[in-house]
Amino acid sequence: MKTITVFTPTYNRAYCLHKCYESLIQQSNQDFVWLIIDDGSTDNTKELVQSWIDENKITIQYHFQENQGMHGGHNAAYRLIETTLNVCIDSDDCMGEEAIEKILNSWEKIKDKPEFAGIVGLDADESGTIIGTKIPETVEQTTLYDLYHTHKVQGDKKLVYRTEIVKKYPAYPIFEGERFVPLGYLYQLIDQDYTLLPVNDVYCIVEYMLDGSSMNILKQYRRHPRGFAFSRKSRMHLDKSFKNIFKNAIHYVSSSMFTKNGSFLKESPKKFITVLAIPFGIALNLYIRYKTKSEF
């Protein structure tokens, strides 16, 4: 069995998925499986992937499902993965140069240390510029939460998890009519029990596409309010600082307005803070409605 699964949820991305494929066949270390989660594509993704399987340059596993959104793709991946480690490389991104080799070298340092859930490395753009900031060299062990809030690291980072640990936690919920739940929900749960090994190696080359979720966050926010409200409730429950809890309460109020949830206060894990957040949540809701009015 291979050591690591690189999984890629994809939806109608046949036009750019080849870049991820090319970055994988160029890896010097082939100790991986590429798991493609086809989330209901209607383009030629299936035929394209079959052509790569027929080339037999790398080990590819293909799974098709009805469209559930990015988090549904992650749910399927975590059900299917059997390797020791896993990492997500999005359909519009590429695996960094020598990334598999670098991941496995770092894995050797922690594979016998059960307190580690995995590794956190860097993203870079196509020019090689690090997304955000590097991780301070003095940080030897951290949670993802502390990476951003204590060590003040900025920008997207790439997570490599032990599969057996990920499988311990509940799947992302699927809300009828919605296709987005922020992925940080799972990462915050894992943070409660485990830490990560931080490394300043580039694991992923990212490109923020015009049709990607990162570039359309306000529209996502309005289209999938139950998913966002679920995430904000979880963050309020688990967060450590009043500032962050209050910020999440504001977003929770706003999302609850989109769903017309009259029980939002009763369902809040932080009721008093949620009351304080109501006027700010109303303002945020009105702002999002204004900014997205041409789309709805």
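How do the axes of H9 and H10 cross, and within what distance do they come? The close-ups below, all taken from a predicted model, start from there.

**View 1. H9 packing against H10.** The two axes come within 8 Å and cross at roughly 155°. Anything over 145 degrees counts as roughly antiparallel, so that's what H9 and H10 are to each other. Their crossing is left-handed. On the H9 side, look for Pro-225, Arg-226, Phe-228, Ala-229, Arg-232, Lys-233, Arg-235 and Met-236. Facing them from H10 are Ile-245, Asn-248, Ala-249, His-251, Tyr-252, Ser-255, Phe-258 and Thr-259. Sorted by class, this contact has eight nonpolar, four polar and four charged residues.

**View 2. Helix H9 on its own.** H9 runs over residues 225-238, which makes 14 residues. From its first C-alpha to its last it reaches 20 Å, close to the 20 Å expected at 1.5 Å a residue. Its buried residues are Pro-225, Gly-227, Phe-228, Ala-229, Ser-231, Arg-232, Ser-234, Met-236 and Leu-238. And what covers them? Among the elements doing the job are helix H7 (184-191), helix H8 (217-223), helix H10 (242-259) and helix H12 (271-291).

**View 3. H7 alongside H9.** Here the axes come within 10 Å and cross at roughly 20°. Angles under 35 degrees count as roughly parallel, so H7 and H9 get that label. H7 passes H9 in a left-handed crossing. H7 brings Tyr-185, Gln-188 and Leu-189 to the meeting, while H9 offers Phe-230, Ser-234, Arg-235 and Leu-238. The residues in this contact split into four nonpolar, two polar and one charged.

**View 4. Zooming in on Tyr-252.** This tyrosine lies in helix H10. Is Tyr-252 buried or exposed? With a relative accessible area of 1%, Tyr-252 counts as buried, because the cut-off for that is under 20%. Leaving aside residues up to four places away in sequence, Tyr-252 touches Ala-229, Arg-232, Lys-233, Met-236, Phe-264, Glu-267, Ser-268 and Thr-274. You'll recognise Ala-229, Arg-232, Lys-233 and Met-236 from View 1, where they sit on the H9 side of the contact with H10. Leu-265 is worth finding too: Tyr-252 and Leu-265 are 13 residues apart along the chain, and their C-alpha atoms are separated by 9.7 Å.

Notes. Residues numbered from 1 in each chain as written. Predicted model: local features only at pLDDT ≥ 70, side-chain atom pairs only at ≥ 80, totals over all residues. Heavy atoms only, no water. Helix = DSSP H or I, 4+ residues; strand = E, 2+ residues; numbered from the N terminus. Expected span 1.5 Å × (residues − 1). Buried < 20%, exposed > 50% of the residue type's maximum accessible area, 1.4 Å probe, protein only. Contact = heavy atoms within 4.5 Å. Axes fitted to C-alpha atoms, helices over the stretch in contact; angles between N-to-C directions. Parallel < 35°, antiparallel > 145°, perpendicular 65-115°, else oblique. Left-handed = near helix turned anticlockwise from the far one by under 90°. Nonpolar A, V, L, I, M, F, W, Y, C, P; charged D, E, K, R; others polar.
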